Amino acid sequence: IICNDEETIHRNILATKLSSPDYTNFDPESVIKDFTERIKHYESVYETLQREEGVRYIKVLNVGRQIVANRITGFVPAKIM
């Protein structure tokens, strides 16, 4: 799942992280700043799959605005897609 829509990321952080035990007694702006830094770290080590690698995958981009399927075959996967 890949999301690069800043507004969606911001809303998601507020909806999920404010009640997380990791952020007990943190103010919302500190939570957003900290988790945004975590995301930047994740991005620095993330490796995007390439079609040439021959692996099967489904990419969901920006909360379903785009879905990319690579080498997905069979009755059930075809029905899902």
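In the predicted model, Val 76 is exposed, with a relative accessible area of 54%, and this residue is part of helix H3. The assignment as exposed follows because the value of 54% lies in the range over 50% that defines this class. Val 76 belongs to a nonpolar patch on the surface, which also includes Ile 58, Ile 67, Phe 75, Ile 80 and Met 81, and these residues together have about 650 Å² of accessible area. Helix H3, which spans residues 75-80, makes the greatest contribution to the nonpolar patch, supplying 3 residues.

Another member of the patch, Ile 58, is located in strand S1, which comprises residues 57-61. The two faces of strand S1 can be distinguished by their cover: Tyr 57, Lys 59 and Leu 61 form the covered face, whereas Ile 58 and Val 60 form the uncovered one.

Strand S1 is joined by 5 bridges to strand S2 (residues 66-70), and the two strands run antiparallel. Within this pairing, Tyr 57 has Asn 70 of S2 as its bridge partner, while Leu 61 stands opposite Gln 66 in S2; Tyr 57 and Leu 61 are both on the covered face of S1. The two strands form a hairpin in which 4 residues lie between S1 and S2, and Asn 62, situated in the turn, has a positive phi of about 50 degrees.

Methods:
Residues are numbered from 1 along each chain as its sequence is written. This is a predicted model: local features need pLDDT of at least 70, side-chain atom pairs count only at pLDDT 80 or more; totals for chains, interfaces and linings use all residues. Side-chain values use heavy atoms; hydrogens and water are left out. Patches are made of residues with over 30% relative accessible area and no salt bridge: like charges are joined within 9 Å, nonpolar side chains (Val, Leu, Ile, Met, Phe, Trp, Tyr) within 5 Å. Accessible areas come from the Shrake-Rupley method with a 1.4 Å probe; for residues, only the protein chains shown count as cover. A salt bridge is a side-chain nitrogen of Lys or Arg within 4 Å of a carboxyl oxygen of Asp or Glu. Buried means under 20% relative accessible area, exposed over 50%, partly exposed in between (1.4 Å probe, protein chains only). Two strands pair if DSSP finds at least two bridges between them.
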